[in-house]
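Trainee: Could you take one part of this model and walk me through it closely, with its surroundings included?

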Amino acid sequence: MSDTWLTMTATDLGRGIGKGDIDPVALTQTYLDAAKAHDFTHRIYTTLTEDRALSEARAAADRAKLGLRRSLLDGVPISWKDLFDSAGTATEAGSKLLEGRVPDTDAETLRNATGQGLVCLGKTHMSELAFSGLGLNPSTATPPCVNDHDAVPGGSSSGSAASVAFGLAAGSIGSDTGGSVRIPSAWNDLVGLKTTIGRVSVKGSVPLCARFDTVGPLCRSVEDAAHLLAALEGTKPADLRGASLDNARLLVLETAAFDDIRDAPQKAFRSAEKRLKRAGAQITRAEIPEVADALALSPILFATEAYAQWQDVIEANPSAMFPEILDRFRSGKDTLARDFLGAWHRLHALQQIWLEKTAGYDAVILPSSPILPPNLERLMTDSDYYVTENLLSLRNTRIGNLMGLAGLTLPTDVPSAGIMFLSAPNSEEKLLRLGAAAEAALA
């Protein structure tokens, strides 16, 4: 039975605990044993917090026996991206620049999740300082993609996705600044939720771009995403009962989203679109030219703020960084203040136009990524390939970050090719209901 636990959804595990069929201590030990025995563990986890995990599991077991469970996920073990502070455990954000950084307190989201009874298995590898959508990190470790062990897994929440996809965690918490939850989720056939900027606390997490940084789960089902979001906030999960696609209004975004798309992601999207229609969704297509205008602002908005955040640390020891990531940070070095502020003024105007043009739809849909996971070895030896694939990997997801939206990626019938749903800011509950119905249609 314990082997089955490694592939169950987090919510099904929680229900098993509630019924008395699953012991949280045995469950946690099963995950720890699986992680310690796995061939790729050193490439997925930076550290396993075994003592903490077992202590939390024992407390969850006691609560279950007394009928005092704090949430459906009380006693369920999950992993955390290595940019969330955890007291007494190194939090280095995938960078040699932060080597030996050990915080005294947990990040607010980790405290909230612990308060809901979730068990912290450990910390997972990530792209250096979260500034890449590929998941390649020669400075620390590059996790494998579950569908192609010679390919990168997507980033920057690379280890988070791998830990769930390889059965080494029941769910994981990552961050999304330009697609860092959704890309690794899509490439590893998981569900990934990008939350609205400011909805989930980033206090106690290592920043990249404060105006874009968000926190969200990578998991095996939309129901898991709903309950993990509630755990992060210390609130009740969205009610997914009766979710349906009947008369759901979906808009296929044609601007930019299909440019340079590869055959497999395009095939996956068209197949998914047909199944959504058969389930009752009303789907139309449209250009929104303002998307292209917003994407053109990306180099100014992201790199400038990222370099401003990290310039002192980077320039004190630049040789400690992977050169491709160093170059990306430094691309924001010489931006003039008037250009940066002007770009933000322009983006705010474009966001308003987006909301006006999409107001009549429940969600905008598009391929989660226009490419499949690139080959790791080629990324290391071909700089032009690295730049091209990195920019393409994040192109579609970045639309949601630029427009300040909530976003959800779901797996399709094509491995490593997801379909993404974007909805208005702070509409996560509605988006999750729509996602639950879509998940059933795509199964």
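**A close look at helix 10**

Mentor: In this predicted model, the buried residues of helix 10 are Pro 265, Ala 268, Phe 269, Ala 272, Glu 273, Arg 275 and Leu 276. Because they cover an arc of only 165 degrees around the axis, they lie on the same side of helix 10. The face turned away from that buried side carries the exposed residues Asp 263, Lys 267, Lys 274 and Arg 278. As for its dimensions, helix 10 comprises 16 residues, 263-278, and spans 23 Å from its first C-alpha to its last, which is close to the 22 Å expected at 1.5 Å a residue. After the helix comes Gly 280, with a positive phi near 115 degrees.

The buried residues of helix 10 pack against strand 7 (249-253), strand 8 (282-286), strand 9 (363-367) and strand 11 (418-423), and also against helix 17 (428-442). These strands belong to an open sheet of 11 strands with mixed pairing, in the order 1-3-2-4-6-5-10-11-9-7-8. Strand 8 is an edge strand of this sheet, as is strand 1 (45-48), each pairing on one side only. From one strand to the next, the twist averages 25 degrees. Helix 17, for its part, packs on the sheet, where it touches strand 5, strand 7, strand 9, strand 10 (406-411) and strand 11, and its direction makes about 15 degrees with that of strand 10. Strand 5 (residues 191-194), one of those touched by helix 17, runs antiparallel to strand 6 (residues 214-219) and is joined to it by two bridges, with Gly 192 standing opposite Leu 218 in strand 6.

Terms used:
Residues numbered from 1 in each chain as written. Predicted model: local features only at pLDDT ≥ 70, side-chain atom pairs only at ≥ 80, totals over all residues. Heavy atoms only, no water. Helix = DSSP H or I, 4+ residues; strand = E, 2+ residues; numbered from the N terminus. Expected span 1.5 Å × (residues − 1). Buried < 20%, exposed > 50% of the residue type's maximum accessible area, 1.4 Å probe, protein only. Arc of directions from axis to C-beta. Contact = heavy atoms within 4.5 Å. Pairing = 2+ DSSP bridges. Axes fitted to C-alpha atoms, helices over the stretch in contact; angles between N-to-C directions.
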